[in-house]
Amino acid sequence: MAIAHDASRVRARDLIGLEQYEVPAVHELLDHLHYDDHGRLRVHGHDAHDLLTRAGAPLIWYFGDRVRANYRAVDGAYRAHFPGHRTFAAIKACYVKECLAVLSEAGAGAEVMSALELQIALQTGFAPADIVSNGVGRSPEYADATVAAGVGLTVLDCLEDLATLTAACRRHGVRARVGLRVTPPVDHEGIYITPSSKLGVDWEGGDFLRLARAALDAPEVDVVALHAHQVTHCSQPAKYRAILAGVADVARAVDRELGLRFEIVDIGGGLETRFLLRRSGLGPEDFAAVAKEELDRIGYPFVLHIEPGRFLTADAAVGLTRVTAEKRNGDHRYLITEIGSNVLIDMAEVTYHPLPTVLPAPDAPWATFDVGDSTCAPALVCRSATLPDTPDNRTLLLLNCGAYSTVFTQLWAFRLPRYLFSDGDGPVRTVFDDEAQSAMYRALYGYEILP
């Protein structure tokens, strides 16, 4: 059942900065950003350069209206093809309470992977029935928490997790609705979750069918869902098609082998940031159409679930930072920023695209820079960024800062930025300040960190 997909040319472009002609037209990708008639970058009407200057410290600013718009875009795209469809926000992508509250109020469900994230989802307003519980190697405490809360779906991907969950169900005297996570048989070149991974159960070799039979025999659970999540940063409909063709093949085979028809098919998340898809002429509707074409092959009705994370929040925040120095080394030129890799984690598949906060004169030169922080590590914010080559342009706005940046934040090397939140034309509020940061250092390390 292996299915091939095409190689990516789009992804390589996503990992470098915007091209020079794209910078002044950034409003075509993100409508909350634009350069005014004086060449000054405005963020929801605020002058980015002045905002950073007044703050005197790096900032990360979240936009509730963009979170809401991203949710509506992806949810609407899939709902157009799949009646009863549900979108579950992957909590692991962003713990900022204000952003999660926007998603809850907009109608999203929540996807959690631990007892900690279950608490976050419940405290943010997500109803237990609107929560999907994922995670491998479940502790009895996590199993008890999900069973006691009455989450809508618990996804399992190993026999021991099934045993842990059924024991929790017996303790609480309830039955749980469960899904089974499969690794479908596809051509896995460039696929995030490959066979024999920590996550998922391989179809090939029979392990998935063994798990399914055991779950069907367990009186404490009802098997209602097939779950598969194989991609990350997906910007290629052909790759998406390959995965979903494999999911459809698994569903059909389970029907033949076990007579089990799944009530729910959950295809996880993994779509690339919305503005990067738009940059390539794509949108969630392109991927939803592929899902419709491939999953129709299952041959019986089901409810579709998706679990986006990055798509919802990555482009819903920007970073603002000063450039503290320029360094030349060989044929590379580096701009060194105040925002460090303790926040914008250096990962090969992620880029935080920089923009100048002030455009230079029309005849000013531009050049290619690598942008990174001043840690004693080769971490970069962005490789090959085209920016003005002018000595007075020493402040940058960074795109793509909203997913995983706060979740993966580390207390080392630099003070963290201040975090701001606004929703549409509403007030800009500080949600994480110097006092809160000092309390973190005091609690963890015992230091008194001055502003």
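Is Ser139 buried or partly exposed? Ser139 counts as partly exposed, because its relative accessibility is 29% and burial needs a value under 20%. Keep in mind that this is a predicted model. Here are my notes on what else turned up.

1. Staying with Ser139 for a moment: this residue sits in the loop that runs from strand S7 (131-133) to helix H6 (140-149). Its side chain reaches the backbone nitrogen of Tyr142, at 3.0 Å. I also looked at Ser139 against Glu117: the two are 22 residues apart in sequence, and their C-alpha atoms are 14 Å apart in space.

2. On to charges. Searching the whole structure gives 30 salt bridges. One of them is between the side chains of Asp222 and Arg175, with N to O at 2.1 Å. This pair links distant parts of the chain, 47 residues apart: Asp222 belongs to strand S11 (residues 221-227), while Arg175 is in the loop between helix H7 (159-172) and strand S9 (176-183). Neither name is a buried one: Asp222 is partly exposed at 31% relative accessibility, and Arg175 is partly exposed at 49%.

3. Asp296 and Lys292 make another salt bridge, and here the closest N and O atoms are 3.3 Å apart. Asp296 has a relative accessibility of 45% and so counts as partly exposed. Lys292, at 28%, is partly exposed as well.

4. Arg333 and Glu326 are worth a look too, as a salt bridge whose closest N and O atoms are 2.8 Å apart. Arg333 counts as buried, because its relative accessibility is 15% and the cut-off is 20%. Its partner Glu326 is partly exposed, at 34%. Elsewhere, salt bridges with shared partners tie Arg241, Asp249, Glu293, Glu294 and Arg297 into one network.

5. Now a hairpin. Strands S20 (residues 418-422) and S21 (residues 429-432) run antiparallel and are joined by three bridges. If you want a landmark for the register, Phe421 has Arg429 in S21 as its bridge partner. Six residues lie between the two strands, and in this hairpin Gly424 takes a positive phi near 65 degrees.

6. Which aromatic pairs did I check? The search of the whole structure finds eight aromatic pairs. Among them are Trp61 and Phe63, with ring centres 5.1 Å apart and planes at 55 degrees, so this pair is tilted. Trp61 is buried, with a relative accessible area of 1%, and Phe63 is buried at 0%.

7. Tyr404 and Phe408 form a tilted pair as well: their ring centres are 5.4 Å apart and the planes meet at 40 degrees. Phe408 is partly exposed, with a relative accessibility of 33%.

8. Two last items on rings. Tyr441, Tyr445 and Tyr447 are linked by ring pairs into a cluster. And Arg86 lies over the face of Phe88, 5.2 Å from the centre of the ring.

Terms used. Residues numbered from 1 in each chain as written. Predicted model: local features only at pLDDT ≥ 70, side-chain atom pairs only at ≥ 80, totals over all residues. Heavy atoms only, no water. Salt bridge = Lys/Arg side-chain N within 4 Å of Asp/Glu carboxyl O. Helix = DSSP H or I, 4+ residues; strand = E, 2+ residues; numbered from the N terminus. Buried < 20%, exposed > 50% of the residue type's maximum accessible area, 1.4 Å probe, protein only. Pairing = 2+ DSSP bridges. Polar contact = N/O pair within 3.5 Å; in protein donor to acceptor, adjacent residues only side chain to side chain. Phe/Tyr/Trp six-rings, centres within 6.5 Å; stacked < 30°, edge-to-face > 60°. Lys NZ or Arg CZ within 6 Å of the ring centre and 35° of its normal.
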